[in-house]
Amino acid sequence: MTLAIEATGSRRSRWSSITAWDLCRWAMAICVTIVVVFPIWWMVNVVFTEPGTPVSINPRLYPTSFAAGWDKVAMIMRETGYLHAYYMSMAYALLTIAGVLLLGSMAAFEFALFEFPGKRPLFGLIMLSLMVPTAVTIIPTYLLTAELGWINTMQGLVAPGLASAFGLFLLVEFMKGLPKEMIEAARLDGARHFQIYWHVVLPLTRNAMVTLAILTFMKTWGNFIWPLIVLSNAEKYTVSQVVGLFNAPFSHQTVDVVMTANLLAAIPPLLFFLIFQRKIVEGIAMSGSKG
Amino acid sequence: MTMNLRHLPHYLMVLPFVALFAAFFLYPIVSGFYYSFHDWNAVTEPHFVGLANYERIVGSRDFSRAMWNLVTYVVITVPLGIAVAFGLALLVDSFSGFWSNLFRSVFFLPVVLPAFLAATIWRWMYAPNFGLVNMVLGWFGYPSVNFLNDTDTMLFSLIAVDIWVSAGFNMVILLAGLKNIPVDLYEAARLDGASRLQQVRHVTIPMLAPVLFFVMTYGLISALQVFDVPWLLTGSSFTNYGGRQNALLFPVMDMMGRAFGSVRFGQASAYGFILTALIIVVTAGMFGLRAMRSKP
Amino acid sequence: MRSSAMLKSATVLLAFAASSARAADEPVTLEYWVYSDFAQGDALALQQTFISEFKEKHPNVTINISGRGDDDLTAGQIAGAASGTLPDVFMNGLAVGAQLVEVGALSNLYPLWMEMPEEYRAQFDADALKSCMPKPEELYCLPYTGFGEIMFRNLTVLEEAGIDTSQPPKTWDEWYGQMQAVQKAGKYAVPDQTQVFNSVASTYAIVGGIDGWGIDFAAMKTKIDPETYAKVLQLFVDMAPLNSGTSRNDQSTKDLFITNQLAFHVVGPWVNPTYEQAAKESGLKYDFVLVPGMKEGEHGGIKSYEIVGVAPGDHQKIAFEFAAYITEKNQMARWAKLLSRYNANAEAMADPDVAALPLIEKSVQAVKYAVDVMPPYFEGAYPNCYRSIVTDNAAMVADGDASPEEGAKELVEELNDCLAN
């Protein structure tokens with residue numbers, strides 16, 4: 001803001017108006033960009049380099065062999081069923097997103113906009129569960145899932161993650177800010193309870209829903225422990241499990257192969273981010289400022 | 001009866017959520033609590049042992065080590081992480097238009113990577129001798145540092161990764177908070193002769209307080225449950241975890257090890273409840289602090 | 001009309017006949033879990049050959065093979081035991097055997113074992129078999145692949161350091177001299193042996209005998225003797241300035257070896273495929289020899305076996321038959337030839353084609369001298385604190401925070417304390 005005023009105030013060339021502060025902030029921004037981007041770039045280079053070249057000769061600052069990288073990708077695709085793992089992870093993420101959004105928004109609609117007996121204690125209880133580490137509940141949840149006969153099934157993978165306390169919190173906070181008059185107006189027009197939710201509140205909550213969908217995607221894509229124990233059949237492995245085979249401490253693979261498996265896991269979230277980056281960043285910004 | 005009928009639609013709407021919540025959170029938590037008083041290997045009949053699990057954990061050397069690590073880690077990583085995020089937010093805010101959006105997206109990039117991926121990349125970046133970090137140090141004539149295997153550097157290596165991963169997330173939230181601060185407040189401050197730094201101190205920070213509170217509370221709760229990044233950085237397995245001299249041993253790691261490594265699920269549950277209690281106390285403390293500060 | 005009625009009654013008859021036949025003829029699906037590297041590439045192809053051969057004899061059986069990392073095997077088996085969804089046949093390490101028995105994932109196979117012909121039973125290495133048999137008439141697993149540690153030497157590094165590589169070092173002193181020469185040449189001698197339990201055990205094996213390692217489960221005391229162990233700790237102190245700072249299992253350790261930065265890698269034979277490939281692709285020059293001991297004629301190194309377990313339950317009998325099939329001499333010999341991996345079937349190891357493989361020849365020798373990693377098996381589970389105390393103690397002494405004598409004394413106290421709780 002200040003800069004704009006100074007710049008228009010002066011009739012001299014643009015260059016002479018560059019202050020020390022300008023130099024400083026550009027330098028900082030570029031440094032941070034390097035720190036952020038380089039590790040990811042480096043991973044790509046490790047993959048696309050002939051294996052076995054010492055680092056002293058080739059420090060992996062840029063890719064040197066496309067063919068070598070492609071061979072590794074092909075090898076992993078051939079030997080691990082990576083494509084099917086993509087499908088499993090996608091299905092897991094999308095079904096979870098759909099469920100979290102639907103159940104969460106229905107419940108949030110009530111918790112945020114209406115009063116009914118038992119609302120406060122119930123909501124408090126759900127919020128308290130945010131503080132329990134997952135490791136506490138994982139075995140009883142697993143035993144229950146097994147009892148239902150859901151081991152190695154999609155419903156076993158997805159269902160336990162649907163009632164997201166965090167998602168509810170986010171949506172309730174957002175819906176609290178909706179104008180109450182609109183709901184009253186709709187009710188006077190003769191809309192039924194569910195219609196108000198579906199036709200009035202849901203469209204207004206779109207931004208929050210997008211945020212929640214993004215956060216849920218990131219969480220399920222990286223989720224490791226739950227798929228590990230619930231999907232024991234190799235034909236149903238998710239991406240994180242397949243990568244786990246390579247990341248295991250006793251895995252007998254070399255660095256470049258391990259990195260290839262990891263890079264393949266990073267591609268969908270990176271693509272997702274590149275396509276939706278504005279929405280993602282703005283959605284997350286919104287979630288925080290509502291808190 | 002009429003009361004109930006009037007509220008029925010509300011209950012029907014929350015029912016799906018509450019039913020799943022009860023089945024997959026409440027029931028496991030309650031049964032976990034039950035098992036925490038039992039010697040239980042997840043298969044044979046649980047055997048009641050009273051408080052023995054709790055006593056055993058609190059008396060174990062791994063617990064004291066894990067708690068000490070956790071406290072040091074949280075005390076450094078949460079404030080430092082927020083300071084970095086705040087700095088980045090101010091930096092991005094100082095640009096406008098295209099550059100502002102670009103830097104914002106770039107700084108956010110690590111957040112979208114799965115945690116296991118970030119940990120794996122950094123494990124290699126930190127590798128002694130040929131890891132990238134050591135290579136850069138080598139260019140400047142420094143000897144190779146064994147970041148992940150030297151008890152003096154391990155915790156800081158973890159914190160650096162942690163900030164690399166999470167700074168973008170907090171930055172975006174803080175940035176939105178910054179944009180919501182009315183411009184005239186800065187103008188007023190400038191008219192009063194406040195320098196850029198003074199503006200940050202007297203306008204930005206107080207106006208950002210609610211957002212900072214959110215970021216800090218959320219950061220605290222997740223930092224107290226830290227697990228996958230140190231687990232992967234130390235190449236841990238259920239039978240061997242925590243890194244050299246347990247310098248990166250954290251409660252959730254110890255809990256997972258006791259569960260799947262030693263098959264002591266009763267003990268692991270008890271561990272979980274000790275940690276839960278700690279998280280609740282810390283969060284309640286945060287809310288208490290906010291309540292105190294908001295009173296004049 | 002009539003013919004269709006006849007057909008119908010014939011079907012009914014057939015169905016009746018089938019139902020009165022042995023239950024084994026009903027379709028059965030067996031879940032079969034193996035280590036992830038056994039479910040990739042050539043190894044997977046051979047496993048699938050075994051499966052289809054077995055199916056020829058048992059057409060009613062379907063076998064699903066799936067690979068998993070070491071940790072996932074254990075976690076999955078424990079979770080499966082808890083929920084009654086165990087895999088029917090599975091691999092794991094001897095070291096987790098006691099835990100698997102405790103949760104009921106493994107049961108006594110002795111009766112089924114005794115039903116097998118004597119000719120089959122006599123094929124196994126006696127020591128390996130004993131590891132699965134804590135008591136007479138109790139057998140919890142079939143020993144499968146195994147390892148006796150060997151020492152991989154990077155010949156390029158050693159030559160650069162001016163070392164005559166025609167003979168491997170005969171004693172620790174000679175070996176240590178070579179390590180120092182390697183360091184003078186600006187290379188790393190060894191990985192950091194304090195980092196994982198197995199490499200600490202391996203260093204113990206250079207100094208101590210098989211009786212001074214492990215737990216006495218009757219007394220719940222460690223068998224480690226502080227006086228001997230102080231000498232072990234001294235080796236860590238000696239190696240501290242020479243090591244690469246990476247653990248022996250780190251992928252980066254293999255990278256250092258491949259890129260001629262590291263001289264010695266004491267480890268199991270599973271790293272050999274990586275080194276063999278590097279020899280082909282980038283001209284790595286290496287060999288493998290027995291690990292030296294303190295005195296000439298003695299050797300260090302640890303050993304252990306992977307096991308094939310069979311879950312209790314309805315399918316146990318057919319699952320055991322499959323386990324017996326894959327551990328039989330012919331299959332074990334093919335498996336050994338493909339992977340150059342030593343295994344517990346002594347007759348397969350004696351097969352001339354197998355015995356001629358250099359890696360197996362060395363492994364067979366190494367196993368004779370080696371110390372078990374976590375003995376005794378199937379008598380009790382090692383508590384987690386035990387392993388972490390051992391590695392932390394070694395690291396502490398190597399870092400110079402305590403003298404070897406103090407360290408050894410402290411170690412025994414802490415271990416007994418850990419076992420008592």
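UniProt, in an unreviewed entry, gives the label "transmembrane region" to residues 12-37, 70-91, 103-125, 154-178, 205-227 and 270-289 of chain B. The model discussed here is a predicted one. For chain A, the UniProt record (also an unreviewed entry) places "transmembrane region" at residues 23-44, 85-109, 121-145, 157-175, 196-218 and 257-276. Here is how some of these spans look in the model.

| Span | Helix | Strand | Distance between end C-alpha atoms |
|---|---|---|---|
| Residues 85-109 of chain A | 100% | 0% | 35 Å |
| Residues 196-218 of chain A | 96% | 0% | 31 Å |
| Residues 12-37 of chain B | 92% | 0% | 36 Å |
| Residues 103-125 of chain B | 91% | 0% | 23 Å |

**Where chain A meets chain B**

Let us turn to the contacts between these two chains. On the chain A side 66 residues take part, and they touch 74 residues of chain B. Several helices of chain A supply at least two residues each to this side, among them H2 (20-47), H4 (82-113), H5 (119-128) and H6 (134-147). Others that do so include H10 (193-204), H11 (206-222), H13 (239-247) and H14 (255-290) of chain A. Which helix gives the largest share of the side of chain A that touches chain B? That is H14(A), with 14 residues. Sorted by class, the side of chain A that touches chain B holds 50 nonpolar, 14 polar and two charged residues.

**Where chain A meets chain C**

Chain A also touches chain C, through 24 residues of chain A and 33 residues of chain C. On the chain A side, two or more residues come from each of H6, H12 (225-230), H13 and H14. The largest share here is three residues, from H6(A). The classes on the side of chain A that touches chain C are 15 nonpolar, eight polar and one charged.

**Chain C as a whole**

Now for chain C itself, which has 20 helices and 11 strands. Its C-alpha trace spans about 95 × 50 × 35 Å along the principal axes. How does the radius of gyration of chain C sit with that of a compact globule? Chain C has 24 Å, and this agrees with the globule value because a compact globule of 421 residues would have a radius of gyration near 22 Å. Of the 421 residues of chain C, 53% count as buried. Among contacts in chain C with a separation of 6 or more, 73% are between residues 24 or more positions apart.

**Two places to look at in chain C**

Pro292(C) makes a good stop on a tour of the structure. This proline sits in the loop between strand S9 (286-289) and strand S10 (302-310) of chain C. Is Pro292(C) buried or exposed? Pro292(C) counts as buried because 24 C-beta neighbours lie inside 10 Å, and the cut-off for buried is 20 or more. Beyond its neighbours within four places in sequence, Pro292(C) is in contact with Pro169(C), Lys170(C), Thr171(C), Trp172(C), Trp175(C), His299(C) and Gly300(C). The C-alpha atom of Pro292(C) is also 6.8 Å from that of Ile206(C), although 86 residues separate the two along the chain.

The other stop is Ala323(C). The largest nonpolar core has 303 residues, and Ala323(C), Val172(B) and Leu174(B) are those with the most contacts inside it. Setting aside neighbours within four places in sequence, Ala323(C) is in contact with Val89(C), Leu142(C), Val308(C) and Val310(C).

Methods. Residues numbered from 1 in each chain as written. Chains lettered and ligands numbered in written order. Predicted model: local features only at pLDDT ≥ 70, side-chain atom pairs only at ≥ 80, totals over all residues. UniProt positions renumbered as here; feature names shortened; annotations may be inferred. Helix = DSSP H or I, 4+ residues; strand = E, 2+ residues; numbered from the N terminus. Buried ≥ 20, exposed ≤ 12 C-beta atoms within 10 Å, placed from the backbone. Contact = placed C-beta atoms within 7 Å. Nonpolar A, V, L, I, M, F, W, Y, C, P; charged D, E, K, R; others polar. Rg over C-alpha atoms; globule rule 2.2 N^0.38 Å. Core = buried A, V, L, I, M, F, W, Y, C linked by C-beta atoms within 7 Å.
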